[in-house]
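Me: I should like to request a close look at a single part of this model, followed by one connected account of its surroundings.

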Amino acid sequence: MRIGIISDTHDQIERTRLAVRTLVEQGAEALIHCGDLTTPDVVYECGVLPCHIVFGNNDYDETGIREAMTAIRGVCLEKGGEITLGGKRIAVTHGDSGKQIRRLSAAKPDYLLFGHTHVPSDAREGSTRFINPGAIHRAQNWTVALLDLDTDLLRFVKIR
């Protein structure tokens with residue numbers, strides 16, 4: 001199973017549409033958004049795939065974003081949560097709260113996905129792989145990530 005990972009879209013609707021389309025074209029079967037959507041319109045762009053979303057520190061319209069998630073049948077993971085996809089435990093948070101990162105990493109998931117820094121990264125700590133897809137707003141390069149859960153292969157994808 002391949003999952004698309006996106007974060008820090010900051011109401012960039014057209015760029016989000018392009019990013020999601022790119023991930024779909026590259027085989028993504030589900031999408032995880034690591035927060036800072038900032039507008040419900042971004043949620044609708046993500047809804048072309050089964051979608052899991054967390055709130056970021058700039059997601060002030062939680063009511064509108066929740067309504068959009070309900071409309072696309074997305075899963076709201078609040079400020080941080082864990083899901084299982086392709087037999088892998090995946091924790092997701094925005095990355096602005098050390099408390100959330102500590103709480104989620106203590107459960108030793110296979111992956112911990114986060115955003116916030118607008119910088120792509122990939123690191124392992126013990127049995128957990130920490131992945132930040134980067135951002136498609138306020139970043140030197142706009143990036144998302146594609147993770148193959150069967151092979152553990154991660155690719156950062158530039159969005160132009």
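Which residue in strand 7 is the bridge partner of Ile90?

Reply: The model is a predicted one. In it, Ile90 has Tyr111 of strand 7 as its bridge partner. The two strands concerned, strand 6 (residues 88–93) and strand 7 (residues 111–113), run parallel in their pairing, which comprises three bridges.

The wider setting of this pair is an open sheet of five strands, ordered 5-6-7-9-8 and mixed in its pairing. Strand 5 (80–85) and strand 8 (121–125) occupy the edges; each has a single partner strand, so one side of each is left without a neighbour in the sheet. On average, and with direction ignored, neighbouring strands of this sheet are turned by 20° against each other.

The nonpolar cores complete the picture. The largest nonpolar core has 23 residues, of which Leu31, Val43 and Val144 touch the most other members. At least two residues of this core come from each of helix 1 (13–25), helix 2 (40–46), strand 3 (51–53), helix 3 (62–72) and strand 10 (143–148). Helix 3 makes the greatest contribution to this core, namely four residues. As for Val43, its contacts, leaving aside neighbours within four places in sequence, are Leu37, Ile53, Ile65, Ala68, Met69 and Ile72.

Another core, of 18 residues, lies apart from the largest one, and Ile90 and Tyr111 are among its members, as are Cys34 and Leu154. The two residues of the bridge under discussion, Ile90 and Tyr111, thus both belong to this second core.

Note on methods: Residues numbered from 1 in each chain as written. Predicted model: local features only at pLDDT ≥ 70, side-chain atom pairs only at ≥ 80, totals over all residues. Heavy atoms only, no water. Pairing = 2+ DSSP bridges. Axes fitted to C-alpha atoms, helices over the stretch in contact; angles between N-to-C directions. Core = buried A, V, L, I, M, F, W, Y, C linked by side-chain atoms within 4.5 Å. Buried < 20%, exposed > 50% of the residue type's maximum accessible area, 1.4 Å probe, protein only. Contact = heavy atoms within 4.5 Å.
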